[in-house]
Amino acid sequence: MANVLTALKANRTKIWVGAVTLLLVFYLVVSFQRSVLLMADENPMAKAIGVAYLALPVIGAWALLRELLFGVRTEQMAKALEAEGGLPEDNLPRTPAGRIIREAADAEFEKYRVETEAAPENWRSWFRLSCAYDAAGDRKRARASMRDAVRLFRAAPKA
C-alpha cells in the first residue's frame, strides 16, 4: 500500500494531465458529434453552424496534441540532463509558504542567461534558462525558452 501511495505522489502531475486530457477528449467527441448532427439538419443555417462548430474539436485536438508532445519532449530533455548531471539544482531559498525568494532567483538567473548567450545553439543551456525564468516567476519567457530548447533538442544528432 505504501508503494502505491508513493507512486501516486511521484506521478501526481501525470495523473492530473491524464484526467484533464480525458475530459478534453470527451468534450471534443461530444462537440464533433453535435457538429455532425447540425450538418445533417435540413435547415441551411443549422448546416452552417455545424460546419463552424466542427472547427472546435479540430483546433482542440491540435492544441491538445501539441501540448502533450511539448510535455513529452520536455521530460525527455530533463531525463537526458539528469543522466548527464546537468539539471539545475533546486537549492534556492524559499519563503515559509514554499515560494522561491525572487531576489535569489533573479541572481541565479543571471548565471543561466550568460551561459545561454555563450552557447545559443545548445538545448541544454536553453533548458536551464527556462528553469531560471520559471524560478523567477516569468512563465511566458520560461515557456518560450523551453520551446527553443525543444526545437534545438529535436535538431540535435541522436547518439
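Here are legends for four close-ups of this predicted model.

**Close-up 1. The largest nonpolar core, with its best-connected residues.** This core holds 17 residues. M77, W123, F127, L129, M146 and A149 have the most contacts inside it. Helices α3 (44–84), α4 (102–118), α5 (123–135) and α6 (139–155) each give two or more residues to the core.

**Close-up 2. M146 and what it touches.** Leave aside the neighbours within four places in sequence, and M146 is in contact with F70, T74, M77, F127 and S130. Two of these partners, M77 and F127, also turn up in the list of core residues with the most contacts.

**Close-up 3. Two salt bridges between helices.** K14 pairs with E75, and their closest N and O atoms sit 2.8 Å apart. K14 belongs to helix α2 (residues 12–40) and E75 to helix α3, so this bridge ties together parts that are 61 residues apart in sequence. Both ends are partly exposed: K14 has a relative accessible area of 47%, and E75 comes in at 30%. The other bridge joins E84 and R124, again 2.8 Å from N to O. Here helix α3 supplies E84 and helix α5 supplies R124, with their positions 40 residues apart in the chain. E84 is partly exposed at 45%, as is R124 at 26%.

**Close-up 4. A salt bridge inside helix α4.** R113 and E117 meet with an N to O distance of 2.6 Å. They are four residues apart in helix α4, so about one helical turn separates them. R113 counts as partly exposed at 27% relative accessibility, whereas E117 is exposed at 54%.

Notes
Residues numbered from 1 in each chain as written. Predicted model: local features only at pLDDT ≥ 70, side-chain atom pairs only at ≥ 80, totals over all residues. Heavy atoms only, no water. Core = buried A, V, L, I, M, F, W, Y, C linked by side-chain atoms within 4.5 Å. Buried < 20%, exposed > 50% of the residue type's maximum accessible area, 1.4 Å probe, protein only. Contact = heavy atoms within 4.5 Å. Salt bridge = Lys/Arg side-chain N within 4 Å of Asp/Glu carboxyl O.
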